[in-house]
Amino acid sequence: MNEILSVLALLGSGTTAGVMFAVAISMVPALGAMPVPRYVEAHQLLGRNWDPTMPIIVITTTLAGLALVPFSGDPARTVLHAAAAVLMLGVAGVSHLLNVPLNRAVKALGPGSSIPPGWVDPRPTWRGYHLVRTALAGAAFALNATAVVLV
């Protein structure tokens, strides 16, 4: 059981960290360089498949890490997996409470709609939140990797 959960926690945190990193160094700068109407259109198209997929990966990874706590058989490994699970919970929290509301606001504009007067561009705020969850995911991956190589 320990091996299966360890692989799941490592794979999930690595996937999450990789996706977050790729978005941070590629998509965020590209979206930031676009004029607002083009950004809105691109944002609406890009989020379609991430929305159902990433929450499943993040929550599954968190649960795998928490499930490892009683099975780790080693105090250091227990602490590492527990800390990684807490960090992944942080990724979920930042995503759900901070990034997702901004995503919904962009999606609410509707395809092809004009930008209403006084609309506040969410890109700088979204980027900051995204960098926080990228760091959390990277740290979770590092802790899970360390726990897996401990013998």
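Ala42 has its place in helix H2. The exercises below start from this residue and then move outwards to the whole chain and its helix pairs.

**Exercise 1. Is Ala42 buried or exposed, and how far is its C-alpha atom from that of Leu31?**

*Solution.*
Step 1. Know your material: this is a predicted model, in which local features need pLDDT of at least 70, side-chain atom pairs count only at pLDDT 80 or more, and totals for chains, interfaces and linings use all residues. Numbering starts from 1 along each chain as its sequence is written, and side-chain values use heavy atoms, without hydrogens or water.
Step 2. Turn to accessibility. Ala42 has a relative accessibility of 16%, so this residue counts as buried (buried is under 20% relative accessible area, exposed over 50%, partly exposed in between, with a 1.4 Å probe and protein chains only).
Step 3. Look for the partner. Leu31 and Ala42 are 11 residues apart along the chain, and 7.6 Å separates their C-alpha atoms.

**Exercise 2. How many helices and strands does the protein have, and what share of its residues is buried?**

*Solution.*
Step 1. Count the elements: there are 5 helices and 0 strands (DSSP runs numbered from the N terminus, helices being H or I with at least four residues and strands E with at least two).
Step 2. Read them in order. Starting at the N terminus, the pattern is α-α-α-α-α.
Step 3. Fit a box along the principal axes. The C-alpha atoms of the protein fill roughly 60 × 20 × 20 Å.
Step 4. Consider burial. The chain has 151 residues, of which 38% count as buried.

**Exercise 3. Two residues of helix H1, Asn2 and Ala9, deserve a visit. What is the relative accessible area of Asn2 and of Ala9?**

*Solution.*
Step 1. Begin with Asn2, which is found in H1. Its relative accessible area is 16%, so Asn2 is buried.
Step 2. Move on to Ala9, also placed in H1. Ala9 has a relative accessible area of 0% and is therefore buried.
Step 3. Add a sequence-distant partner for each. Asn2 and Val69 lie 67 residues apart along the chain, with 9.3 Å between their C-alpha atoms. For Ala9 and Thr62, the sequence separation is 53 residues and the C-alpha distance is 7.3 Å.

**Exercise 4. Where does Ser114 lie, and is this residue buried or exposed?**

*Solution.*
Step 1. Place the residue: Ser114 belongs to the loop that joins H4 and H5.
Step 2. Check its accessibility. With a relative accessible area of 63%, Ser114 is exposed.
Step 3. Find its partner in space. Val40 is 74 residues away in sequence, yet the C-alpha atoms of Ser114 and Val40 are 9.9 Å apart.

**Exercise 5. At what angle do the axes of H1 and H5 cross, and which residue classes make up their contact?**

*Solution.*
Step 1. Take the axes of H1 (residues 2–33) and H5 (residues 123–149). They come within 8 Å and cross at roughly 150° (axes are fitted to C-alpha atoms over the stretch in contact, and angles between N-to-C directions run from 0 to 180 degrees).
Step 2. Name the orientation. The crossing angle makes H1 roughly antiparallel to H5 (the term covers angles over 145 degrees; under 35 is roughly parallel, 65 to 115 roughly perpendicular, and the rest oblique).
Step 3. Sort the contact of H1 with H5 by class: 16 residues are nonpolar, 9 polar and 3 charged (Ala, Val, Leu, Ile, Met, Phe, Trp, Tyr, Cys and Pro are nonpolar, Asp, Glu, Lys and Arg charged, and the others, Gly among them, polar).

**Exercise 6. What angle do you find for H4 with H5, and what angle for H3 with H4?**

*Solution.*
Step 1. Pair H4 with H5. Their axes are 8 Å apart and the packing angle is about 160°, and these two helices are therefore roughly antiparallel.
Step 2. Sort the contact of H4 with H5: the residues divide into 19 nonpolar, 9 polar and 2 charged.
Step 3. Pair H3 with H4. Here the axes come within 8 Å and cross at roughly 160°, so H3 and H4 are roughly antiparallel to each other.
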